[in-house]
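Hi,

Here is the structure I promised to send over. Have a look at it first, and my notes on what turned up are underneath.

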Amino acid sequence: MSNFKQAVSWLFHSEHEDEVQERFDLTAQQLEDAISIVNMFSTIHRESANEDFDIHNTVHDWSKK
């Protein structure tokens, strides 16, 4: 399981950036990249709001692969 993927999942689930950066030992660039991915997932979530799609569980499952 990738620390980076887990960090993305934590950020997506509204954990504090500083805590995530420390917990997963991310560089500033890695944190910025993770935030960009979270923003992309958030956009997908908003655009799929009318569909039967649970993005939170999907992101969680993705982070464990």
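Confidence in the chain peaks in helix α2 (residues 17–23), at a mean of 96, and is lowest in α4, at 79. Keep in mind that this is a predicted model. Over the chain, the mean pLDDT comes to 86, with 88% of residues at 70 or more. As a general caution, where pLDDT is low, the predicted coordinates shouldn't be read in detail.

Now for the inside. The largest nonpolar core has 13 residues, and the ones touching the most other members are L11, F12, V20, L26 and F41. Helices α1, α3 (28–47) and α4 (55–63) each put in at least two residues. F41 is a good one to click on: leaving out residues up to four places away in sequence, it touches V8, F12, I55, V59 and W62.

Then the aromatics. A search of the whole structure gives two aromatic pairs. One is W10 with F24, edge-to-face, at 5.0 Å centre to centre and 90° between the planes. This pair links distant parts of the chain, since W10 sits in helix α1 and F24 in the loop between α2 and α3, 14 residues apart. Which partner is buried and which is partly exposed? F24 counts as buried because its relative accessibility is 5%, while W10, at 28%, counts as partly exposed.

The other pair is F12 and F41, with ring centres 6.0 Å apart and planes at 85°, so this one is edge-to-face as well. F12 belongs to helix α1 and F41 to helix α3, so the pair ties together parts 29 residues apart in sequence. Both F12 and F41 are buried.

Back to α4, where I55, V59 and S63 are buried. Looking down the axis of α4, the buried residues fall within an arc of 75°, so they line one face of the helix.

Two serines are worth a look too. S63, in helix α4, is buried, with a relative accessible area of just 3%. Where does the side chain of S63 reach? It gets to the backbone oxygen of H60, at 2.7 Å. S9 is in helix α1 (residues 3–12) and is also buried, at 4% relative accessible area. Setting aside neighbours within four places in sequence, S9 is in contact with V59, H60 and S63.

Shout if anything here is unclear.

Cheers

Conventions
Residues are numbered from 1 along each chain as its sequence is written. This is a predicted model: local features need pLDDT of at least 70, side-chain atom pairs count only at pLDDT 80 or more; totals for chains, interfaces and linings use all residues. Side-chain values use heavy atoms; hydrogens and water are left out. Helices (H or I, at least four residues) and strands (E, at least two) are DSSP runs, numbered from the N terminus. Buried means under 20% relative accessible area, exposed over 50%, partly exposed in between (1.4 Å probe, protein chains only). Contact means heavy atoms within 4.5 Å. A nonpolar core is a set of buried Ala, Val, Leu, Ile, Met, Phe, Trp, Tyr and Cys residues joined through side-chain atoms within 4.5 Å. pLDDT is the predictor's confidence in each residue, from 0 to 100. A polar contact is a pair of N or O atoms within 3.5 Å; within protein, one must be able to donate a hydrogen and the other to accept it, and residues adjacent in sequence count only if both atoms are side-chain atoms. The arc is that of the directions from the helix axis to the C-beta atoms. Rings of Phe, Tyr and Trp (its six-membered ring) pair if their centres lie within 6.5 Å; planes under 30 degrees apart count as stacked, over 60 as edge-to-face and the rest as tilted.
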